[in-house]
Amino acid sequence: MFLVDKPVGLTSFALVRRIRWLLGIKKVGHAGTLDPFASGLLIVCAGREATRQINQLMAGRKTYLACLQLGAETSTLDPEGTINATCPVPHLDQTAVQACLKSYIGPQFQVPPPFSAAKHKGKPLYAYARRGILIQKEAKPIEVYRLDYLAYDAVSHQLTVLVECSPGTYIRVLAADIGRSLGCGAYLESLRRTRSGPFTVEESLSGKILLEENGLQLLCSNRRSIDEVLETIGQPSLCTCNS
């Protein structure tokens, strides 16, 4: 298993494809995608035993740094879409913003956005949305454990927050909901995943380094055995050797 810091602009699959090429094996996958505009921790599993653990690795809490652009909404709820609504941003003091954020902490239901990897009849929703077909899925239970105010720029109207949430939470949807609650709309301008389960982005290898000539050497220096990983997440080891 490898911890990679995905840079902005690359897809998660592009890094998987690069690691697949570097290692010369086909069985490579990631434990939780990041959109091209997002950056941060990507857990990549290589080999049959590691890829079998992807579901367990995806089950941990996630932590993100998110920047919300207030005063506008986009078709995809993020910067990759087109602006389809704008609204003046009222004066917002820190107390009012924190009160709004607090209302989103706890268990709740969230509808997957049309531009997402959630599946419908075996295909991701974004495949339909790109053809103008917007599929409405049922709301699913999620939980927001922390939603901290970090900064607000009254000139650019950008709000930066820290989010700790359950797997399956769409930060884009949360950003849009917060914008509506503040009375001005919002979309997710940028996103960085800093933690997934017990693993942090500080432990990861820069994804840009993997594109360099010595990418394989650097990648292998960051390798973790699957038994080590299972021990970290509190699961039994795969080792069947007698002691």
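So, eight helices and 14 strands: that's what we have in this protein, and bear in mind that we're looking at a predicted model. There are 243 residues, and 46% of them are buried. If you take the contacts with a separation of 6 or more, 67% come from residues 24 or more positions apart.

Okay, let's go to the inside. Which residues touch the most other members of the largest nonpolar core? They're L68, L70, L147 and I178, out of 30 residues in that core. The elements that each put in two or more residues are β4 (62-70), α4 (94-102), β10 (140-153), β11 (158-165), α6 (171-181) and β12 (186-196). There's also a second, separate core of 14 residues, and A50, I54, F199 and L230 are among them. As a general point, nonpolar side chains in soluble globular proteins tend to be buried together.

Let me stay with L147 for a second. Skip the neighbours within four places in sequence, and L147 still contacts L101, Y104, I105, V161, L162, V163, L174 and I178.

Two of those, L174 and I178, are also on the list of buried residues in α6, along with I171, R172, V173, A175, A176 and G179. That's eight of the eleven residues of α6, so this helix is largely enclosed by the rest of the structure. And what covers the buried residues of α6? The cover includes β4, α4, β7, β10, β11 and β12. Right after α6 you get G183, with a positive phi near 85 degrees.

Now the strands around β10. On one side, β7 (residues 106-110) pairs with β10 in the antiparallel sense, over five bridges. If you want one pair to look for, P107 has E143 in β10 as its bridge partner. Then β10 and β11 also run antiparallel, joined by eight bridges. There, R146 stands opposite E164 in β11. Those two strands make a hairpin with four residues between them, and in the turn H157 has a positive phi of about 60 degrees.

Next up, α1, which covers residues 12-23. It has twelve residues and reaches 17 Å from its first C-alpha to its last, close to the 16 Å expected at 1.5 Å a residue. Which residues of α1 are buried? That would be S12, A14, L15, V16, I19 and L22. Some of that spacing may ring a bell: an α-helix has 3.6 residues a turn, so residues three or four places apart point the same way. The buried residues of α1 pack against β1 (2-6), β2, β3 and α7 (215-221). Just after the helix, G24 takes a positive phi of about 75 degrees.

S12 leads us to T33, which sits in the loop between β2 (28-30) and β3 (39-46). Is T33 buried, exposed or partly exposed? With a relative accessible area of 44%, T33 is partly exposed. Leaving out residues up to four places away in sequence, T33 touches S12 and R193. With S12 there's a polar contact between the side chains, at 3.3 Å. And T33 and M58 are 25 residues apart along the chain, with their C-alpha atoms separated by 9.9 Å.

Another loop residue to look at is R224, between α7 and α8 (226-232). R224 is an arginine that counts as buried, at a relative accessible area of 15%. What does its side chain pair with? There's a polar contact of 2.5 Å between the side chains of R224 and E203. Beyond four places in sequence, R224 contacts M1, L3, F199, E203 and V229. You've heard F199 before, in the second core.

Last bit: cysteines. How many disulfides does a search of the whole structure find? Zero. Take C100: why no bond there? Because the closest cysteine sulfur, in C184, is 9.1 Å from the sulfur of C100, and that's too far for a bond; a disulfide would need the two sulfurs within 2.5 Å. C100 is buried, by the way, with a relative accessible area of 9%. C165 is buried as well, with a relative accessibility of 1%.

That's the tour, so feel free to spin the model around and find these spots yourselves.

Technical notes. Residues are numbered from 1 along each chain as its sequence is written. This is a predicted model: local features need pLDDT of at least 70, side-chain atom pairs count only at pLDDT 80 or more; totals for chains, interfaces and linings use all residues. Side-chain values use heavy atoms; hydrogens and water are left out. Buried means under 20% relative accessible area, exposed over 50%, partly exposed in between (1.4 Å probe, protein chains only). Contact means heavy atoms within 4.5 Å. A polar contact is a pair of N or O atoms within 3.5 Å; within protein, one must be able to donate a hydrogen and the other to accept it, and residues adjacent in sequence count only if both atoms are side-chain atoms. A nonpolar core is a set of buried Ala, Val, Leu, Ile, Met, Phe, Trp, Tyr and Cys residues joined through side-chain atoms within 4.5 Å. The expected span of a helix is 1.5 Å times one less than its number of residues. Two strands pair if DSSP finds at least two bridges between them.
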